[in-house]
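Me: I am new to this structure and would like to go through it step by step. Please show it first.

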Amino acid sequence: MSLDIHNSPEHEFEPELGLPERLPQGERILWQGSPDTKALLFRVFHFKMLVIYFGLLLAYRLITGFSEGEAFTEILFAALNIVALSGLGLGLVALIAYLMASTAIYTITNKRVVMRIGIVLNMTFNFPLKMIESADCGVAKQGSGDIYLKLSRGTKIAIFHLWPHARPGKWAVPQPTFRSIKNCSEVAQILVDAWAAQNNVIARTVQKNESKEVNAKNPYSGIETA
């Protein structure tokens, strides 16, 4: 899905798209992108489960209405109310997912990772590649996926500042995450190559549809020390 984020009024004063300042000499953008709205909606907000939940509520109301002998008009009116409220709720969830996806920009340069996130209050996080201890890539069947960044010890960020751009389940020590990005394996390879070059190690190839950990301290991870 193409997101028209380049001409958003709230970002028109950015020196460069998704960046708090112009890149210094010698630094260049290797990749830049945003979450895929549909993938974010289904992976983060569990949209399919919400649809099933509201469908079960509607089915329960219809079954109980007919079994108790209620008038058809009364059953129809109750069903329409459930459909309307369910549609409103699902629509709001979809809108939130779209706003989160369209206002987030992830950037990989040859020296750092930058995350510009936030709907109402934009926040920009800069993570030098030397600060990133490891990275996991979780790829879904559709090719989209998440890239989780484990920062060096002592670097802490409040989960509320990152969500939903954080690894699920890592509440105590949040891990910044590229959520629901397309061509996740290709993006992960770009990150691995940049990380390896910055940390003087040799990178292996990241395979598609595979969760790969990149860790300089683990000889069986996605890279090898030089």
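Reply: Contact here means heavy atoms within 4.5 Å. The model is predicted.

Me: Among contacts between residues at least 6 apart in sequence, what share joins residues at least 24 apart?
Reply: The count takes in contacts in the chain between residues at least 6 apart in sequence. Of these, the share that joins residues at least 24 apart is 59%.

Me: How many helices and strands are there in the chain?
Reply: The chain has 226 residues, and 42% of them count as buried. Its secondary structure consists of five helices and ten strands.

Me: What share of the exposed area do carbon and sulfur atoms supply?
Reply: The area that the chain exposes is about 12,800 Å². Carbon and sulfur atoms supply a share of 60%.

Me: On which side or sides of α2 do its buried residues lie?
Reply: Helix α2 covers residues 47-67, and its buried residues are F47, T64 and G65. They cover an arc of only 135° around the axis, so they lie on the same side of α2.

Me: Which residues are exposed on the other side of α2?
Reply: Exposed means over 50% relative accessible area. On the other side of α2, the residues that pass this cut-off are K48, M49, L56, Y60, I63, F66 and S67.

Me: Against which helices do the buried residues of α2 pack?
Reply: The residues in question are F47, T64 and G65. They pack against α1, which covers 37-43, and α3.

Me: What distance separates the end C-alpha atoms of α3?
Reply: Helix α3 has 32 residues, and at 1.5 Å a residue it should span 46 Å. The model agrees with this, because the distance between the end C-alpha atoms is 46 Å.

Me: Against which elements do the buried residues of α3 pack?
Reply: The buried residues of α3 include I75, L90, V93 and M100. The buried residues of this helix pack against two helices and two strands: α1, α2, β2 (105-109) and β3 (112-117).

Me: Is L95 buried, partly exposed or exposed?
Reply: L95 is in helix α3, residues 72-103. With L85, L88, L92 and Y98, L95 forms a nonpolar patch on the surface, with about 500 Å² of accessible area together. Partly exposed is the class between under 20% and over 50% relative accessible area. The value for L95 is 43%, so L95 is partly exposed.

Me: Which residue just after α2 takes a positive phi?
Reply: The phi in question is about 75°. The residue that takes it, just after α2, is G69.

Me: What is the relative accessible area of H46?
Reply: H46 is in the loop between α1 and α2. Its phi is near 50°, a positive value in a residue other than glycine. H46 is partly exposed, because its relative accessible area is 46%.

Me: What is the relative accessible area of N183?
Reply: N183 lies in the loop between β7 and α5, and α5 covers 184-199. The phi of N183 is near 50°, again positive in a residue other than glycine. N183 is partly exposed, because its relative accessible area is 49%.

Me: Which residues does a cis peptide bond join?
Reply: One partner is found in the loop between α4 (159-162) and β7 (177-181). Omega of the bond is about 5°. The residues joined are W163 and P164.

Definitions and conventions. Residues are numbered from 1 along each chain as its sequence is written. This is a predicted model: local features need pLDDT of at least 70, side-chain atom pairs count only at pLDDT 80 or more; totals for chains, interfaces and linings use all residues. Side-chain values use heavy atoms; hydrogens and water are left out. Helices (H or I, at least four residues) and strands (E, at least two) are DSSP runs, numbered from the N terminus. Buried means under 20% relative accessible area, exposed over 50%, partly exposed in between (1.4 Å probe, protein chains only). Accessible areas come from the Shrake-Rupley method with a 1.4 Å probe; for residues, only the protein chains shown count as cover. Patches are made of residues with over 30% relative accessible area and no salt bridge: like charges are joined within 9 Å, nonpolar side chains (Val, Leu, Ile, Met, Phe, Trp, Tyr) within 5 Å. A salt bridge is a side-chain nitrogen of Lys or Arg within 4 Å of a carboxyl oxygen of Asp or Glu. The expected span of a helix is 1.5 Å times one less than its number of residues. The arc is that of the directions from the helix axis to the C-beta atoms.
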